[in-house]
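Dear colleague,

I am passing on the structure we spoke about, and I would be glad if you could look through it alongside the notes that follow.

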Amino acid sequence: MTGRNLILVVEDNEANQMLTRAVLELEGYSVAVAGSAPEALDRLRDATPDLILMDIQLPGEDGLSLARRLKANPASSMIPVVALTAHAMTGDREEALHAGCVGYISKPIDTRTFGAAVGRFLQMNGDERLVAG
Ligand code: MN
C-alpha cells in the first residue's frame with residue numbers, strides 16, 4: 001500500500017491514455033491504464049484502484065457495459081466509476097449514471113481542471129452525483 005490514490009484509466013486511444021496519465025501523475029496519483037474491458041479486468045486482478053475513469057467507447061465491450069458488470073460484482077462494486085464521455089449529449093450522461101457511474105467528465109479533458117475534478121470524485125460519498133468538465 002502506498003499513500004497515493006490509484007486511478008485506473010480505461011481508454012483505448014493512445015494519445016488520450018498518455019495525456020490522462022501525465023496529468024494524473026503530475027497531480028500525484030498512481031495510474032494504471034487499460035485499453036479494453038478485458039485489460040481492465042486484468043488490471044483489477046493486480047490491484048484495486050480508488051477510482052476508475054471509464055471511456056464509454058471502447059473496442060469490443062463498451063465502457064458502460066463494463067461499468068454495469070463491475071457494479072454487479074461484489075469484488076468491484078465499491079470502486080467509484082467516472083465515465084469519460086466525448087458526447088455532449090444528455091442521454092449518454094444519464095446512461096452513464098444508470099450504469100452505476102458516479103458521474104462523468106467530458107472529453108477532451110481540460111488539463112487545467114481535470115485533476116481537481118478527479119479529486120472531487122475521490123472525496124464524494126456514495127450517494128452523491130457530480131457533473132464535471
Ligand atoms: Mn474510446
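How much area does the protein chain expose, and what share of it do carbon and sulfur atoms supply? In this model, which is a predicted one, the protein chain exposes about 7,000 Å², and 51% of that area is supplied by carbon and sulfur atoms. The chain has 133 residues, of which 47% count as buried.

As for the fold, the secondary structure comprises five helices and six strands, and these elements run, from the N terminus on, in the order β-α-β-α-β-α-β-α-β-α-β. Among the contacts in the protein chain with a separation of 6 or more, 62% are accounted for by residues 24 or more positions apart.

The manganese ion deserves a separate paragraph. Its protein donors are Asp12 through OD, Asp55 through OD and Gln57 through O, and they lie 2.0 to 2.1 Å from the ion; along the chain these donors follow the spacing D-x42-D-x1-Q. The two aspartates link distant parts of the chain, being 43 residues apart, with aspartate 12 in the loop between strand E1 (6-10) and helix H1 (14-26) and aspartate 55 in strand E3 (residues 51-55).

As to accessibility, aspartate 55 counts as buried because its relative accessibility is 3%, which is under the 20% cut-off. Aspartate 12, by contrast, has a relative accessible area of 35% and is therefore partly exposed, since that class lies between 20% and 50%.

With best regards

Definitions and conventions. Residues numbered from 1 in each chain as written. Predicted model: local features only at pLDDT ≥ 70, side-chain atom pairs only at ≥ 80, totals over all residues. Heavy atoms only, no water. Donors = N, O, S within 2.8 Å, 3.2 Å for Na, K, Ca; no water. Helix = DSSP H or I, 4+ residues; strand = E, 2+ residues; numbered from the N terminus. Buried < 20%, exposed > 50% of the residue type's maximum accessible area, 1.4 Å probe, protein only. Contact = heavy atoms within 4.5 Å. Areas by Shrake-Rupley, 256 points an atom, 1.4 Å probe, with all protein chains shown as cover.
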